[in-house]
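The exercises that follow are meant to be worked through with the sequence and the 3D view side by side. Each one sets a task and then goes through a solution step by step.

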Amino acid sequence: MMHSLICLASFVMYQSDVSPPTYAPETEPPMAYFDVVPQQDVTGVFEVGVVAYHLEGIDRVEFTVNREGFVGDWNHDGITDGQDLGILLERWGQGVGGRDITRLLGAWGQSLPWASEVITVNEMTLNPRTGEMEYWFALDTRKHPDTKITVSAEAFGTMGPSTVLDRDVWDENYPLPQYSGVNLFSTNVGNRWQKREFYISPNGDDVNGDGTRENPLKGLHAALRYGLQQPYAEIGGTIVYLLEGEHTIDASGGWPLRSFRQSDGRYFTITPAPGVASADCKIVASIAPTNGGGFMTNSLMRLKDVFVDTDQENLLNGGTSRYGGRWYDGSIIKGHDYTEDFDPMFVTGKGGFQWWTDTLHSFSQEGTTGLIMRNCVLDSMSCDVLELHYAQLLLSIEITNHNPNGNLDPSGCHTDYMQYNGIDYIHQNVILRDIYANDTCMQQGVHACPGESSGGGIHNSAWVNIQLSNAGGNGLPECSPTALIWRWCGPAKNNLFKNCMFQQKQDNLGDRHSTFTFNRHNEDGTRNEEGPWTWNDEFGWKYINVKIEDCFENWERTQPLFPAPTAGMGWSFYGPDGMMWDSNMNDGVQENPFGPNDPWWCPITGVYFTQTE
């Protein structure tokens, strides 16, 4: 008791010398990110969208579309003439009409660059391409020659500075693609971009085959290099079709991986052959995985509707470095079922330049988090599920059967749903929405302590409709875990938590299992369990413009989220009624008055609480 009172007194006296921050949303930018996998080929009408949030709402998103090439130059010879008119007329009725002829005739005999096109969107609605609520517009690629299209965006909140998304995904001036625009390649006409198609079969022949369906090759590498010469074989735009049977990835055939080039930044694609179900053409193994595991580790690869079902460690590892990357699209990535032998493994890499859409990832030691993850299920992960160190946009994620063995991972890792830990940079412009997990009572929920490494922090993040429970309920048996459901260590700036639910331990409200702390360890190596560390000489205030709106701690949404100022189980905070806790803890957490017309700024954590429900 005396120790706690001394800590409180010193904390209050120390803070009295520093004016605490106020809630100032007018100083903060929106959180905004394209829900578009960059560098992809597109045809027809392609809906381009941005997901955006601000502490006090979004006013609009302005898109700018830039196209390479010249007006009316359908054959890409640098001038608009009769040959281009012929191509246009061949496409008549395929999205091309009288206005496009008028535009072509107006550029006759000239080389006129395309002017930028600006589109303003004022409301977030359902994007039919993604099934997500976005600020989006319909990009009609049919009315223009095949070309590279770059789309940037600027998001405006109802107040404060804007956020601009216009950087190239591989801009080496920035450590992470946190504010990227998107490049797209329109391919309606088919006279601009390379397209090579090959079929492979477990019964194919890499010596006598020619890659046709009737005479397939056997190996993936063999298909990629077919007809090409070293060095610098261009493989962007190549499609490899999988025929029936279990596929084993072949060796590179003596070609250094750097021999394969994608100079335009276009993917090569692996996908089942037309008429073949993904379950009938699985990828199961690799003959000669590269150093550290993996296949085409420096390439830009799309797995479309592919079923990977393997017992081989690191089969698809790699491919996550700058100028490379993996797009798992509509696929199933399944590792070894470790529920009987307790031997989990990795199939893919954990982070970097990856994109996951409409994909199931199951039976891995840890989950994989891409820059974008949309409509994904992560099932039977042994350890951490979402490693958020590279995450920028996560939408509609379900976590099922987490830690199915119900014990601690033998590697000693945490069993967290979501983790930001020990980073040495400011992770920013992150949006997470519609994420659900409720499982075995062993795991922690969100474990976010980037400040444990010098320079780490989380700025400009939006967490919307995140529902996590490590205490059961909602159809599962209730339990009493010892793990935290939510730890937010900071430093954190411009963070929005809206319509979230962190279902936590309920049997002892004095031992809160959702917390605000700065870090968990002191510089001398001792563990920091002693108080509301909201100020530090190096960083200043740990929580600046952090808003919690309509967030709760129970399934019934009757108990508002009041994270404790420390993670220490032995800490009992005694202070004024306005400082979150009552004087004796007998009645649990003090329900400080706040509501639709009565928000509350907590002087301990520096967090702004509001409730509209």
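## Exercise 1: A strand and its neighbours

Strand S16 (residues 268-272) is joined to S18 by 3 bridges, and the two strands run parallel. The model in view is a predicted one.

**Task.** Find which residue stands opposite Ile270 in S18, which strand S18 is joined to by 5 bridges, and how many of the 5 residues of S18 are buried.

**Solution.**
1. Begin with the pairing of S16 and S18, where Ile270 has Leu303 standing opposite in S18.
2. Turn next to strand S20 (residues 325-329), which is joined to S18 by 5 bridges and runs parallel to S18; in this pairing, Lys304 faces Asp329 in S20.
3. Finally, consider the cover around strand S18 (residues 300-304): 4 of its 5 residues are buried, so the strand is largely enclosed by the rest of the structure.

## Exercise 2: An open sheet

**Task.** Work out in what order the 5 strands of the open sheet with parallel pairing are arranged, and which strands are the edge strands.

**Solution.**
1. Recall that strands of a sheet pair through backbone hydrogen bonds, either parallel or antiparallel.
2. The order of the open sheet of 5 strands is S25-S27-S29-S31-S34, and the pairing is parallel.
3. The edges are strand S25 (386-387) and strand S34 (514-516), each of which pairs on one side only.
4. For a closer look at one of these edges, follow the 3 bridges that join strand S31 (residues 486-488) to S34, where Trp488 stands opposite Phe516 in S34.

## Exercise 3: Salt bridges and their surroundings

**Task.** Among the 22 salt bridges of the structure, examine the one between Lys493 and Glu28, and decide for each of these residues whether it is buried, partly exposed or exposed.

**Solution.**
1. The closest N and O atoms of Lys493 and Glu28 are 3.0 Å apart.
2. This pair links distant parts of the chain, with Lys493 in strand S32 (residues 492-498) and Glu28 in the loop between helix H1 (2-16) and strand S1 (31-34), 465 residues apart.
3. Buried means under 20% relative accessible area, and exposed means over 50%. Lys493, at 27% relative accessibility, is therefore partly exposed, whereas Glu28, with a relative accessible area of 1%, is buried.

**Task.** Apply the same steps to the salt bridge of Glu366 with Lys350.

**Solution.**
1. The closest N and O atoms of this pair are 3.4 Å apart.
2. Glu366 lies in the loop between strand S23 (360-364) and strand S24 (372-381), and Lys350 in the loop between S21 and S22, 16 residues apart.
3. Glu366 has a relative accessible area of 8% and is buried, while Lys350, at 35%, is partly exposed.

**Task.** Determine which residues are linked with Lys547 and Glu549 in a network of salt bridges.

**Solution.**
1. The side chains of Glu549 and Lys547 meet in a salt bridge at 3.2 Å, N to O.
2. Glu549 counts as buried at 9% relative accessibility, and Lys547 counts as buried at 4%.
3. The network of salt bridges links this pair with Glu56 and Lys498.

## Exercise 4: A charged patch

**Task.** Locate the negative surface patch, and decide whether Glu340 is buried or exposed.

**Solution.**
1. The patch is formed by Asp311, Glu313, Asp337, Glu340, Asp341 and Asp343.
2. Glu340 is found in the loop between strand S21 (332-334) and strand S22 (354-357).
3. With a relative accessible area of 73%, Glu340 is exposed.

## Exercise 5: Unusual backbone geometry

**Task.** Identify where the cis peptide bonds at Pro231 and Pro491 lie, and where Asn375 and Asn401, with their positive phi, are placed.

**Solution.**
1. As background, most residues other than glycine have a negative phi, and most peptide bonds are trans.
2. The peptide bond from Gln230 to Pro231 is cis, with omega near -10 degrees, and Pro231 lies in the loop between helix H4 (220-225) and strand S12 (233-234).
3. Gly490 and Pro491 are likewise joined by a cis peptide bond, with omega about 0 degrees; Pro491 lies in the loop between S31 and S32.
4. Asn375, whose phi is about 55 degrees, is placed in strand S24 and is partly exposed, with a relative accessible area of 42%.
5. Asn401, whose phi is about 50 degrees, lies in the loop between strand S26 (393-400) and strand S27 (416-421), and counts as partly exposed at 40% relative accessibility.

Methods:
Residues numbered from 1 in each chain as written. Predicted model: local features only at pLDDT ≥ 70, side-chain atom pairs only at ≥ 80, totals over all residues. Heavy atoms only, no water. Patch = residues over 30% accessible without salt bridge, like charges linked within 9 Å, V, L, I, M, F, W, Y side chains within 5 Å. Areas by Shrake-Rupley, 256 points an atom, 1.4 Å probe, with all protein chains shown as cover. Salt bridge = Lys/Arg side-chain N within 4 Å of Asp/Glu carboxyl O. Lys, Arg positive; Asp, Glu negative; His and termini not counted. Charge placed at Lys NZ, Arg CZ, Asp CG, Glu CD. Buried < 20%, exposed > 50% of the residue type's maximum accessible area, 1.4 Å probe, protein only. Pairing = 2+ DSSP bridges.
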